[in-house]
Amino acid sequence: MKKTYILRIVFLVFLLVLISQSCREKPAPFNEDALDVPYVPTPVRVVKEMFRLAEIKEGDVLLDLGCGDGRIPINAAVQYGIKAYGVDLNPERIRESVRNAHIAGVDHLVEFCEQDIFETDLTDATVITMYLLPSVNLRLRPKILTSVKPGTRIVSHDFNMNEWVPDKDAMVFIEDEAHTVYYWMVPANVTGEWAFKIDEPPLEVTIKFDQVFQFVQGSVMTEEEGWKVLEEQLKGDKFIFKLESPRLVWFFNGKVKEDAMRGEAEMGGSGKKAAWEAVRNPDTKEPLDILSQ
Ligand SMILES: C[S@@+](CC[C@H](N)C(=O)[O-])C[C@H]1O[C@@H](n2cnc3c(N)ncnc32)[C@H](O)[C@@H]1O
């Protein structure tokens with residue numbers, strides 16, 4: 001009995017020594033070959049320019065794809081008091097980000113996660129920042145245009161999105177080195193055929209919209225002589241355009257939500273306003289990104 005008891009204690013001590021040793025062991029080194037982009041931090045002045053271009057405001061939620069030492073989410077939290085997230089595949093970067101957030105006193109506002117940018121959920125962010133590579137931006141482009149909420153602002157340090165031309169850009173010079181910052185607002189998808197209806201004065205018209213990224217061109221499908229769609233402007237989910245017939249002009253102003261749009265139209269010159277609604281034939285919707293086709 002006594003012998004078994006002693007053996008048990010020896011076994012327990014042995015187990016405790018093993019556990020404490022494994023806890024003290026350093027994490028296995030991260031294989032940097034797994035990264036799509038090497039670690040290069042964005043200078044803080046460029047970070048501030050990214051925020052200026054994105055017009056960050058109270059209530060925004062920022063997500064930095066490939067967050068490095070966490071400087072973009074941390075600076076956003078410090079400067080605007082907003083919630084900010086960062087993901088990075090390298091666990092060492094995540095540990096560094098967590099430490100830096102603690103030092104900056106914004107642990108309660110920022111969160112960092114060891115995650116692949118291609119597996120990251122982008123739907124909660126209102127501002128997405130990135131300093132990646134041209135090829136990586138292009139791989140992300142279809143995901144951004146299909147899964148991100150219309151109106152979400154995207155800001156990229158140094159690399160653009162090829163055919164998806166930026167809505168704005170800016171340059172920062174640091175020691176003779178030029179850093180470019182690009183900005184896009186994710187457009188709603190308005191492609192396809194839409195049945196528009198105004199009750200009073202009555203108007204029913206089908207309009208087909210073709211769209212390449214944020215650029216839209218409409219044409220009237222209903223057999224009406226001389227009807228035209230002009231001056232289309234799409235900013236996120238806000239859509240305005242002019243519908244011109246030989247006798248009158250309507251200025252449409254509204255919001256898009258998936259297969260529906262609604263808003264107010266003003267009859268040119270008269271100041272008369274009327275509510276309008278439109279529904280899309282879902283079979284006519286097309287992808288926004290040529291890379292998804
Ligand atoms: C150029 S650094 C930018 C760091 C930070 N965003 C900044 O601007 O200072 C790119 C970061 O992306 C990370 N990264 C590379 N490939 C990744 C992937 N597939 N998923 C998540 N992070 C990745 C790297 O570890 C690195 O920290």
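P201 is placed in the loop that joins strand β8, residues 192-198, to strand β9, residues 203-212. The model is a predicted one, and this loop is a convenient place to enter it. The peptide bond that leads from E200 into P201 is cis, and its omega angle is near -10°.

On the far side of β9 comes another loop, which runs between β9 and β10, the latter covering residues 215-220. F213 lies in this loop. The backbone of F213 has a phi near 55°, which is a positive value in a residue that is not glycine. The two loops can thus be looked up by a backbone feature each: the cis bond from E200 to P201, and the positive phi of F213.

Strand β6 is the next stop. It spans residues 168-174, and F173 has its place there. Along the sequence, F173 and V46 are 127 residues apart, yet in space their C-alpha atoms are 8.8 Å apart. F173 also has contacts beyond its sequence neighbours: when those within four places are left aside, F173 is in contact with R45 and A178.

The last part of the tour concerns the ligand. How many residues surround the ligand? There are 22 of them, and the closest are D36, T42, D64, G66 and D88. By character, the shell around the ligand divides into 11 nonpolar, 5 polar and 6 charged residues.

Some individual atom pairs can be picked out in this shell. T42 has a polar side-chain atom 2.5 Å from an oxygen atom of the ligand. D88 likewise places a polar side-chain atom 2.6 Å from an oxygen atom of the ligand. With L89 the protein atom belongs to the backbone: a polar backbone atom of L89 is 3.1 Å from a nitrogen atom of the ligand. How much of the ligand's accessible area does the protein cover? On its own the ligand has 600 Å² of accessible area, and the protein covers 99% of that. The space that the ligand takes up is the largest cavity.

Note on methods:
Residues are numbered from 1 along each chain as its sequence is written. This is a predicted model: local features need pLDDT of at least 70, side-chain atom pairs count only at pLDDT 80 or more; totals for chains, interfaces and linings use all residues. Side-chain values use heavy atoms; hydrogens and water are left out. A residue is near a molecule or strand if one of its heavy atoms lies within 4 Å of it. A polar contact is a pair of N or O atoms within 3.5 Å; within protein, one must be able to donate a hydrogen and the other to accept it, and residues adjacent in sequence count only if both atoms are side-chain atoms. Accessible areas come from the Shrake-Rupley method with a 1.4 Å probe; for residues, only the protein chains shown count as cover. On a 1 Å grid over the protein atoms alone, a cavity is a set of points where a 1.4 Å probe fits but cannot get out, and a pocket is an open set with protein on both sides within 12 Å along at least five of seven lines; lining residues have an atom within 4 Å of a point. A molecule sits in a cavity or pocket if more than half of its atoms lie within 2 Å of its grid points. Ala, Val, Leu, Ile, Met, Phe, Trp, Tyr, Cys and Pro count as nonpolar, Asp, Glu, Lys and Arg as charged, and the others, Gly among them, as polar. Helices (H or I, at least four residues) and strands (E, at least two) are DSSP runs, numbered from the N terminus. Contact means heavy atoms within 4.5 Å.
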